[in-house]
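Open the model in your viewer and keep the selection panel at hand. The stops below give a selection and then what is found there.

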Amino acid sequence: MTLAEPIPIDDPTATRFAMYATLARALDFPTREFHAEMQDGYFRDGVRAMIDGLPYALDREIDFAGLHDPADYVDFQAEYIRLFDVGPMRPPLPLYAGEWGSTRKRAMEDALRFYHFFGMKVSEACKELPDHVTVQLEFMQALAFTEGTARAAGEDASPFLRAERDFLERHPGRWFPMLRRKMAGFEPPRFYDALAGLADAFFAADLKYLRSTAARAA
């Protein structure tokens, strides 16, 4: 039996897909592999190339130099834990949507409705809850890919564009700017300050793009 060739998606959508995947990985608990890519400049250079390939410009300056950090792995890991994982009552900058102006239950239920509508679920191997930033960005990544394959196959991509717009508005695009503003009060290392700035700028620009593109596709 001959297997069908995979349908290539357009370059701008593939780049948006890659940006969501990259940010999900960068905002996850740091592995030694990710730390090595950050230290040798591979992460920074990859981000710069992806930004150049987006179908729009970011309207904020990105601290590319800050996306390279000479800190050793133990210190790098400790800073992630200090900012995002521990605290007297809660982490200073929790990476869960429900910790930012909503209830955890409501945020998780809303996210799960999106996931289930598109036939997706949080993997049993995943150690995070449905409202964690990495899970939410992986969902955006999956929607972008599905949007691209629908368009490449000559099918209607508008349902996926609207879903991306709505999910980004209600989840990362809503709460991540609050995290970004609050971060300055916790003396973040330059890498995480630059990463938060990058994510915030990308979410804002992608939301603007999705609103415009979904309106044209309606």
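**Stop 1: helix 1 and its cover**

The buried residues of helix 1 are covered by, among others, helix 2 (32–39), helix 3 (42–53), helix 6 (133–152), helix 7 (158–170) and helix 9. Keep in mind that this is a predicted model.

Select residues 11–26, which make up helix 1. Its 16 residues, at 1.5 Å a residue, should span 22 Å, and the end C-alpha atoms are 22 Å apart, so expectation and model agree. Now colour the buried positions of this helix: Thr13, Thr15, Arg16, Met19, Tyr20, Thr22, Leu23, Ala24 and Ala26. An α-helix has 3.6 residues a turn, so residues three or four places apart point the same way.

**Stop 2: threonine 22**

Stay in helix 1 and select threonine 22. Is threonine 22 buried or exposed? Its relative accessibility is 19%, and the cut-off for buried is under 20%, so threonine 22 counts as buried. Show what surrounds this residue: beyond neighbours within four places in sequence, threonine 22 is in contact with Phe43, Val47 and Met50. For a distance check, pick the C-alpha atoms of threonine 22 and phenylalanine 203; they are separated by 13 Å, with the two positions 181 residues apart along the chain.

**Stop 3: arginine 16 and its partners**

The structure holds 20 salt bridges. Select arginine 16 and glutamate 164, whose side chains meet in a salt bridge at 2.7 Å, N to O. Arginine 16 belongs to helix 1 and glutamate 164 to helix 7, so this pair ties together parts 148 residues apart in sequence. Both arginine 16 and glutamate 164 are buried.

Add aspartate 206 to the selection. Its salt bridge with arginine 16 has its closest N and O atoms 2.6 Å apart. Here the link runs between helix 9, which holds aspartate 206, and helix 1, which holds arginine 16, across 190 residues. Aspartate 206 is buried, as is arginine 16.

**Stop 4: aspartate 131 and arginine 104**

Move to aspartate 131, which forms a salt bridge with arginine 104, the closest N and O atoms being 2.8 Å apart. Aspartate 131 lies in the loop between helix 5 (104–117) and helix 6, and arginine 104 lies in helix 5, so the pair ties together parts 27 residues apart in sequence. Aspartate 131 counts as buried because its relative accessibility is 0%. Arginine 104 is partly exposed, with a relative accessible area of 23%.

To return to the previous stop, select Asp10, Arg16, Glu147, Arg151, Glu164 and Asp206: salt bridges that share partners join these residues into one network.

**Stop 5: the rings around tyrosine 192**

Switch to aromatic side chains; the structure holds 26 aromatic pairs. Phenylalanine 76 and tyrosine 192 form a stacked pair, 5.4 Å centre to centre with 15° between the planes. Phenylalanine 76 is in helix 4 (residues 73–85) and tyrosine 192 in helix 9 (residues 190–217), so the chain positions to select are 116 residues apart.

Add phenylalanine 84, which pairs with tyrosine 192 edge-to-face: 5.5 Å centre to centre, 80° between the planes. This pair also joins helix 4 to helix 9, with phenylalanine 84 and tyrosine 192 108 residues apart. Phenylalanine 84 and tyrosine 192 are both buried, and phenylalanine 76 is buried as well.

Widen the selection to Phe29, Phe34, Phe43, Phe76, Tyr80, Phe84, Phe191 and Tyr192, which form one aromatic cluster.

Note on methods
Residues are numbered from 1 along each chain as its sequence is written. This is a predicted model: local features need pLDDT of at least 70, side-chain atom pairs count only at pLDDT 80 or more; totals for chains, interfaces and linings use all residues. Side-chain values use heavy atoms; hydrogens and water are left out. Rings of Phe, Tyr and Trp (its six-membered ring) pair if their centres lie within 6.5 Å; planes under 30 degrees apart count as stacked, over 60 as edge-to-face and the rest as tilted. Helices (H or I, at least four residues) and strands (E, at least two) are DSSP runs, numbered from the N terminus. Buried means under 20% relative accessible area, exposed over 50%, partly exposed in between (1.4 Å probe, protein chains only). The expected span of a helix is 1.5 Å times one less than its number of residues. Contact means heavy atoms within 4.5 Å. A salt bridge is a side-chain nitrogen of Lys or Arg within 4 Å of a carboxyl oxygen of Asp or Glu.
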